[in-house]
Amino acid sequence: MLQKDIEEILISEEQLQEKILELGAQITADYDDKFPLLVGVLKGAMPFMADLMKRIDAYLEIDFMDVTSYGNATVSSGEVKIVKDLNTSVEGRDIIIVEDIIDSGLTLSYLVDLFKYRKAKSIRIITLLDKPSGRKVDLKPDYVGFDVPDAFVVGYGLDYAERYRNLPYIGVLKKSVYSF
Ligand SMILES: O=P(O)(O)OC[C@H]1O[C@H](OP(=O)(O)OP(=O)(O)O)[C@H](O)[C@@H]1O
Ligand SMILES: [Mg+2]
């Protein structure tokens, strides 16, 4: 039913799980002697965060922030709104921000500045998907799952107008769905 709106499957369920295993092992090695705070950026990062945290073998804590800037559009409004803040203080903590996608970079540059201002000890970024062609600000993630082309992608947490987050894979949305 949902698949009729998908132009092409870019990353399968199996490819996602294999990559997440790899990323989890890298973070386990890098944070061996630390107690990182994983900050999931809602709503898109929810499935990735859930799968990734199970693959990290360290004394970590988790928290979530809900920020949004796309609304029902396929381009960023440029204005990042905090819908829900963290419950945990980031002061003196090793923070790992967990994102589903970096496109313009506006969401993450806002969060990095905010956590610096709040005196985090270190800040790293992990993103499942990176779309370098969309960048409006200079921002480089520390860990990346896959680069994606200049197309609007959905699934595995990523939405168009709040739909398609429940697809188990990453696919390119047909243009006919959002351009009339
Ligand atoms: O690099 P950017 O251009 O800022 O785009 C990336 C951000 O946009 C999406 O979130 P959105 O604002 O759509 O909220 P959502 O996660 O609830 O869908 C996505 O989940 C990232 O958080
Ligand atoms: Mg969205």
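1. The shell of residues around ligand 1 comprises six nonpolar, seven polar and five charged residues. The structure under discussion is a predicted model, and the points below should be read accordingly.

2. In this model, ligand 1 is surrounded by 18 residues. The closest of these are Gly 44, Tyr 70, Asp 103, Ser 104 and Thr 107. Two or more residues of the shell come from each of strand 2 (37–42), strand 5 (94–102) and helix 3 (106–117). Strand 5 makes the greatest contribution, giving four residues to the shell around ligand 1.

3. The UniProt record, an unreviewed entry, lists residues 15–160 under "domain: Phosphoribosyltransferase". In the model, the C-alpha atoms at the two ends of this span are 22 Å apart. Helix accounts for 25% of residues 15–160 and strand for 29%.

4. A separate point concerns Ile 9. This residue belongs to strand 1, which covers residues 6–11. Is Ile 9 buried or exposed? Neither term applies: Ile 9 is classed as partly exposed because 15 other C-beta atoms lie within 10 Å, whereas a buried residue would require 20 or more and an exposed one 12 or fewer.

5. The surroundings of Ile 9 include residues distant in sequence. Leaving aside residues up to four places away in sequence, Ile 9 touches Tyr 169 and Gly 171. Ile 9 and Val 154 are separated by 145 residues in sequence, yet their C-alpha atoms are 9.7 Å apart in space.

Key
Residues numbered from 1 in each chain as written. Chains lettered and ligands numbered in written order. Predicted model: local features only at pLDDT ≥ 70, side-chain atom pairs only at ≥ 80, totals over all residues. Near = placed C-beta within 6 Å. Nonpolar A, V, L, I, M, F, W, Y, C, P; charged D, E, K, R; others polar. UniProt positions renumbered as here; feature names shortened; annotations may be inferred. Contact = placed C-beta atoms within 7 Å.
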